[in-house]
Amino acid sequence: MAIYRIAIGSPREASNPAAIRAAFAEFFSMIIFVFAGQGSGMAYSKLTNNGGATPEGLIVASLSHAFALFVAVSVGANISGGHVNPAVTFGAFIGGNITFLRSILYWIAQLLGSVVACILLNSCTGGMETSAFSLSSGVSVWNALVFEIVMTFGLVYTVYATAIDPKKGNVGVVAPLAIGCIVGANILVGGVFDGASMNPAVSFGPAVVSRTWTHHWVYWVGPFIGSAAAAILYDNIFIADDAHEPLSNSDF
């Protein structure tokens, strides 16, 4: 089973040039993603004079995040694997495709990248608020938790099918596009309920800059549960033990 392939890694990974380059790739990819995704929402708010949520706004959020993630994954794919998401990194770790110590490097880089992107946005926009993720009226924390679990399951399942599976073949070419599309589609579903994060780092940056932590735990627990479920199920059902090939340092 995938759970038995979990690897802790060597402390020397912290100073390994390849691991450091991979962490920097995650850092810059996260800046690209959050700056465009969060920034598009801020731009829409300015255009509408901070008006309420609208169907147009939801579509804008979906498209901007899909396009930005497509680019962010693409530019990091050959260096770090283009995770751009602590939940994706966790899923790769659960499947034995990255060590725990390298995962920590990725998580630090991803969180810092999100915070830096939000600070830049706050500065560039003259102090506009980088709104933290929150639950809509009538949505309970348990509703939001299930949303995050299911949406992140779909995301990480897509990552496994298009980027991690050693049998992916030519499908790997469209992995960044597929990953961006599933995130955009999930935002159309869950955006009006809990913001559709699917990404703890994307939630972390705005929370730090706005100092808003209400229900923040939902945006960590949900994605990590969904990610682990997708990794375990895909690895054990579709990647047989005799076909499992842990990817190189340049991949997941």
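Which residues lie nearest the centre of the largest pocket? Select G41, A61, S131, G191 and G195, and you have them. Keep in mind along the way that this is a predicted model.

**Stop 1: the largest pocket**

With those five residues shown as spheres, you are looking at the middle of a space of about 1100 Å³. In total, 50 residues line this pocket. To see where some of them come from, colour helix 1 (17-47), and then add helix 2 (55-76), helix 5 (141-164) and helix 6 (175-194). Each of these four helices gives the pocket lining at least two residues. Now try colouring the lining by residue type: 26 of its residues are nonpolar, 22 are polar and 2 are charged.

**Stop 2: the largest cavity**

Next, keep helix 1 in view and add helix 7 (200-210); both supply at least two residues to the lining of the largest cavity. The structure holds 1 cavity of 30 Å³ or more, and the volume of the largest cavity is about 50 Å³. Select F33, V34, G37, Q38, H65, V202 and P206 to see its lining. Which helix gives the largest share of that lining? Helix 1 does, with 4 residues. By type, the cavity lining has 4 nonpolar residues, 3 polar ones and no charged ones.

**Stop 3: a nonpolar patch on the surface**

Now switch on the surface and select I32, F70, V71, V75, V171, V173, V174 and L177. Together they make a nonpolar patch with about 640 Å² of accessible area. Helix 2, which you coloured at the pocket, returns here with the largest share of the patch, 3 residues. Pause on F70, which is found in helix 2. Is F70 buried, exposed or partly exposed? Its relative accessible area is 33%, so F70 is partly exposed.

**Stop 4: the salt bridge**

For the last stop, show the side chains of K167 and D165 as sticks. Side chains of opposite charge can pair when their charged atoms come close. Here K167 and D165 meet in a salt bridge, at 3.4 Å from N to O. How many salt bridges does the structure hold? The count is 1. Finish by looking at how D165 sits relative to the surface: its relative accessibility is 5%, so D165 counts as buried, since buried means under 20%.

Key: Residues numbered from 1 in each chain as written. Predicted model: local features only at pLDDT ≥ 70, side-chain atom pairs only at ≥ 80, totals over all residues. Heavy atoms only, no water. 1 Å grid on protein atoms, 1.4 Å probe; cavity = no way out; pocket = protein on both sides within 12 Å on 5 of 7 lines; lining within 4 Å. Points joined across faces, edges and corners; volume = space filled by probe spheres on them. Nonpolar A, V, L, I, M, F, W, Y, C, P; charged D, E, K, R; others polar. Patch = residues over 30% accessible without salt bridge, like charges linked within 9 Å, V, L, I, M, F, W, Y side chains within 5 Å. Areas by Shrake-Rupley, 256 points an atom, 1.4 Å probe, with all protein chains shown as cover. Salt bridge = Lys/Arg side-chain N within 4 Å of Asp/Glu carboxyl O. Buried < 20%, exposed > 50% of the residue type's maximum accessible area, 1.4 Å probe, protein only.
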